[in-house]
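Here's a quick briefing to read with the model open beside you. Have a look at the structure first, then go through the points below.

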Amino acid sequence: MKKIFEICLGVITSVGGFLEMGSLSTAAQGGAAFRLQLVWPIVVGTLCIIFLTEMAGRFAAVSQHAIAAGIRDRFGIKFFLLPFVAVLIVNTLVLSAEIGGVSVALEMATGLKHPWWALPVALLAWFTLWRGTFGLIEKGVSLLGLVTLSFVAAAVTLKPDWHQVAAGVLPSMPHHDPANYWFIVVSILGASITPSLFLFYSSGAVEDHWDSGYLGANRAIATLGMAFGGCISVAVLVAAAYVFPAHGITRVDDYHQLPLLLVAVFGFWGFVLFVASLAFACFGAILQIALEQAYLVAQGFGWNWGENRKPRDDPGFCLVYTCALAISAIPIAAGVDPLKLTVFSMALTAVSLPLTVVPFLVLMNDERYVGRHGNGVISNTVVVAIIVLAFVLAIVALPLQVLGGA
């Protein structure tokens, strides 16, 4: 019964924490510009993250290592520095974008411009991390993120042509503006397959003291949680495909356009639901990414780490998330557009993916870490496909930023 409860709570937590500034903005842009054509990158990205999170939980449960610690232990500090620096930089940009997301929500609620909110939001996140436990962050804040299910309600209320939605699952060539089409594909995949997500998941499994008895629960949480979360992203795209073109919007380049997704369906309460969805989802992402920064540094350099420890027991760990929040708040406080920063950081996330996934694949086939619980043919094939996809994205992402994403 306890395991069933943990599976249900884990799935709910995954759903509540799936949609954030990156997934919301990229899905909205895809729906506005290309209607239902871009369902397929959400499906591909969701499939990829299901496999990666399941592997991350399995690796942690069997080896008692988080992924970052495993890479450092297996390959040495010199090799570790390459993915370490890449993930650190990308996480900083993504963290800044998520601080921007909460700040934008507060601007919509109060009328006070978003740069004024950046430092208070970072301070609130720091206080939550300083005083909170891993359970509070993993479950409490993510449960609030379940308000994002309002996008599913909106998509269903709009009564879309579900045959067209299903047709969008199959990859297709763009009918117009190919550079922007492929740039949005890159951004959607980058928003879905974020290294910080599966790195954080493995650290959380260690924090929760998982062992091989949790392998079944891990499989259920990774599969159902990420699949349902992907459905929320599809719902955002469907709502955008029907709402934005009907109001003459074919390119989402201003965050003030985003509330229309729910306002067009639910009126005033749609605005309230949007502000709550954006605030709670992005705040949960802030806590997750700030913690991941601390996990990454502490595990890589052999420090004490753990959100359940008191700050005096792991001062280096706490210093990292403190600095991460302070640094990431600066661009938003300086007036950087959160939407543009989000889209750029999602493309850059795609660039960094191979640096993390390649060594992780080696770990998942090393019997010294996973024993008989290593990857099978299917898992290896899927991950190799992810690596190939990631390399292609790495080659095209930045040129597409210039050609299609400006």
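V85 is partly exposed, at 39% relative accessible area, because that value falls between the 20% and 50% cut-offs. Keep in mind that this is a predicted model. V85 sits in helix α5 and belongs to a nonpolar patch on the surface, so that's where the tour starts; two loop residues with positive phi come after it.

**The nonpolar patch**
- Besides V85, the patch takes in L81, I89, F301 and W303.
- Taken together, the five add up to about 430 Å² of accessible area.
- Which helix gives the patch its largest share? That's α5, spanning residues 77–110, with three residues.
- V85 qualifies on exposure because patch members need over 30% relative accessible area, and V85 has 39%.

**Positive phi at R35**
- R35 is in the loop that links α2 (21–34) and α3 (39–63).
- Its phi is near 50°, so a positive value in a residue that isn't glycine.
- Most non-glycine residues have a negative phi.
- Buried or exposed, or in between? R35 counts as partly exposed, with 41% relative accessibility.

**Positive phi at H209**
- H209 shows a phi near 60°, again positive and again not a glycine.
- Look for H209 in the loop between α11 (195–207) and α12 (215–243).
- H209 counts as exposed because its relative accessible area is 65%, and the cut-off for exposed is over 50%.

Definitions and conventions:
Residues numbered from 1 in each chain as written. Predicted model: local features only at pLDDT ≥ 70, side-chain atom pairs only at ≥ 80, totals over all residues. Heavy atoms only, no water. Patch = residues over 30% accessible without salt bridge, like charges linked within 9 Å, V, L, I, M, F, W, Y side chains within 5 Å. Areas by Shrake-Rupley, 256 points an atom, 1.4 Å probe, with all protein chains shown as cover. Salt bridge = Lys/Arg side-chain N within 4 Å of Asp/Glu carboxyl O. Helix = DSSP H or I, 4+ residues; strand = E, 2+ residues; numbered from the N terminus. Buried < 20%, exposed > 50% of the residue type's maximum accessible area, 1.4 Å probe, protein only.
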